[in-house]
Amino acid sequence: MSGTESTIETEREAAPGDGRNRKRLKATAVVLAGLGFVIGGSLLAPDPEPSGWVAEPASSKPLHSGPGPTVEQVTADLEAATAAAGLGPAAPPRPLLVPGCLAAWESYEHVGDARWAALLDGLTSRRWQLTERLKRPPTVASSLTKGTWHLLVMHEKRPGTREHLSLLATNSTPACEQAFEQAQAAGTQAV
């Protein structure tokens, strides 16, 4: 035997399981390094598709209290706020497949910044709580709530097309949620 062989045999005799432990330790280190790379990269990389929605600070105005508004009350809010903003009349209404759970208003006329601000002011004066805003040209949108209702106000101005302003309120009661699910299962659109 040469001197090298005896050294190896001595090391094996000194720590019989040490080789396996080193392999496990190396494998664990490689896995942790890989996870660190993946997690670190995802935390540092920008979101590939940021939503653009920005949450609004809580309002100091009193929230809607009591039972949720009826579809007639929500429709009256939409009509009053749009009229106060100088918008209207609404385009002919689309048939709604989930009556009592949806309220809609839409127009194809010009909506400037002043009218947009007046529309949102008109809705918040009727106790609609502004929760989020989106400004991603050519779309500007706001999300509001009142009781069990959620309202999406959206304005689109694309080159070469007419402007489109839509207000769509959906009621999130259990009965309406079930009606929306049934409409979806039947393959129909609620609006």
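Is E163 buried or exposed? In this predicted model, E163 is buried, and its relative accessible area comes to 10%. Its partner makes a good place to begin a walk through the charged pairs. E163 takes part in a salt bridge with K157, where the closest N and O atoms are 3.9 Å apart. That pair still counts because the cut-off for a salt bridge is within 4 Å. K157 itself is partly exposed, at 48% relative accessibility, whereas E163 is buried.

Let us step back for a moment. Side chains of opposite charge can pair when their charged atoms come close. The structure holds four such salt bridges, and the one between K157 and E163 is among them.

Next, look at D77 and K146. These two residues form a salt bridge with 2.7 Å between the closest N and O atoms. D77 sits in helix 3, which covers residues 71-84, while K146 belongs to strand 4, residues 139-146, so the salt bridge ties together parts that lie 69 residues apart in sequence. Here you will find both partners buried: D77 has a relative accessible area of 11%, and K146 has one of 10%.

Finally, turn to R158 and E156. Their side chains meet in a salt bridge as well, with an N to O distance of 3.0 Å. How accessible is R158, and in which class does that place it? R158 has a relative accessible area of 42%, so it is partly exposed. To see this on the model, follow the side chain of R158 to E156, then compare the view with buried D77 and buried K146.

Note on methods: Residues are numbered from 1 along each chain as its sequence is written. This is a predicted model: local features need pLDDT of at least 70, side-chain atom pairs count only at pLDDT 80 or more; totals for chains, interfaces and linings use all residues. Side-chain values use heavy atoms; hydrogens and water are left out. Helices (H or I, at least four residues) and strands (E, at least two) are DSSP runs, numbered from the N terminus. Buried means under 20% relative accessible area, exposed over 50%, partly exposed in between (1.4 Å probe, protein chains only).
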